[in-house]
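Work through the exercises below with the model open. Try each task before reading its solution.

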Amino acid sequence: MLKGMFFVCLSLSLWTAGSSLSCRWMQHKFQQFSKNSLDLIDTMANNSTNTTVDAGVGFPYRLYKKAFHASAEDRLHFLVQILKEMVVLFEEDTSKASWEENTEENFLQFLTRQEQGLRSCIGTHKKENRNLHSAEAWELIRNKMKSHLVRADLLASSLLTN
């Protein structure tokens with residue numbers, strides 16, 4: 001249900017952003033790549049031990065709320081930054097993670113293609129690097145990344161409704 005709502009919102013956001021920013025890639029490709037990314041991160045969970053407990057790493061709801069009310073271009077910058085930081089995070093040593101390496105590689109390819117497609121609509125952005133290595137840490141990261149992907153999709157969908 002959440003996944004379906006995410007795609008509806010994403011579609012609406014992308015349509016608006018695409019029309020207001022004249023970005024054909026968003027209108028025709030982002031939703032497909034977003035769905036594939038979400039499917040792959042779910043597959044990673046299916047291949048995971050799922051024995052972790054949330055270590056108090058909070059989700060940045062206020063940041064997303066602020067971005068949601070920003071201009072279409074600022075929302076695109078925010079989305080590009082989220083996707084790029086996810087890729088950078090997974091470029092760390094994930095050998096202790098319990099999911100299959102091939103699934104992770106496919107996931108990263110979809111994130112990278114989404115980030116590049118969105119960047120082609122707006123320009124450049126900043127990035128930040130983090131280091132986490134244990135299997136439990138990677139499972140927490142995967143869970144948080146799924147939340148980010150869902151919220152990013154909702155934010156992108158908001159671009160289509162404006």
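Buried means under 20% relative accessible area, exposed means over 50%, and partly exposed lies in between (1.4 Å probe, protein chains only). This is a predicted model: local features need pLDDT of at least 70, side-chain atom pairs count only at pLDDT 80 or more, and totals for chains, interfaces and linings use all residues. Residues are numbered from 1 along each chain as its sequence is written, and side-chain values use heavy atoms, with hydrogens and water left out.

**Exercise 1. Describe the overall build of the chain.**

Step 1. Assign the elements. Helices (H or I, at least four residues) and strands (E, at least two) are DSSP runs, numbered from the N terminus. The chain has 7 helices and 0 strands.

Step 2. Check burial. Of the 162 residues, 48% count as buried.

Step 3. Check the contacts (heavy atoms within 4.5 Å). Among contacts with a separation of 6 or more, 88% come from residues 24 or more positions apart.

**Exercise 2. Find the residues at the heart of the largest nonpolar core, and the helices that supply it.**

Step 1. Define the core. It is a set of buried Ala, Val, Leu, Ile, Met, Phe, Trp, Tyr and Cys residues joined through side-chain atoms within 4.5 Å.

Step 2. Rank the members. The largest core has 41 residues, and Phe107, Leu111, Leu118 and Met145 touch the most other members.

Step 3. List the suppliers. At least two residues each come from α2 (24-28), α3 (30-46), α4 (61-68), α5 (72-90), α6 (101-122) and α7 (135-161). The most come from α5, which gives 11.

Step 4. Inspect one member. Leaving aside residues up to four places away in sequence, Leu118 touches Trp25, Met26, Phe30, Leu76, Leu79, Val80 and Leu83.

Step 5. Recall the general trend. In soluble globular proteins, nonpolar side chains tend to be buried together.

**Exercise 3. Test the length and cover of α5.**

Step 1. Get the expected span: 1.5 Å times one less than the number of residues. For the 19 residues of α5 this gives 27 Å, and the end C-alpha atoms are 27 Å apart, so the two agree.

Step 2. Count the cover. In α5, 15 of the 19 residues are buried.

**Exercise 4. Classify two aromatic pairs.**

Step 1. Set the rule. Rings of Phe, Tyr and Trp (its six-membered ring) pair if their centres lie within 6.5 Å; planes under 30 degrees apart are stacked, over 60 edge-to-face, and the rest tilted. The structure holds 6 such pairs.

Step 2. Take Phe33 and Phe110. Their centres are 5.6 Å apart with 55° between the planes, a tilted pair. Phe33 sits in α3 and Phe110 in α6, so the pair ties together parts 77 residues apart in sequence. Phe33 is buried at 6% relative accessible area.

Step 3. Take Phe90 and Phe107. Their centres also lie 5.6 Å apart, but the planes meet at 65°, so this pair is edge-to-face. It links α5 to α6 across 17 residues. Phe90 is buried at 2%, and Phe107 at 0%.

Step 4. Look for a cluster. Trp25, Phe30, Phe33 and Phe110 form one.

**Exercise 5. Locate the disulfide and judge its burial.**

Step 1. Apply the cut-off: a pair of cysteine sulfur atoms within 2.5 Å. The count is 1 disulfide.

Step 2. Name it. Cys23 is joined to Cys121, with S to S at 1.6 Å.

Step 3. Place the ends. Cys23 is in the loop between α1 (2-21) and α2, while Cys121 is in α6, 98 residues apart.

Step 4. Compare with the burial cut-off. Cys23 is buried at 4%, and Cys121 counts as buried at 18%.
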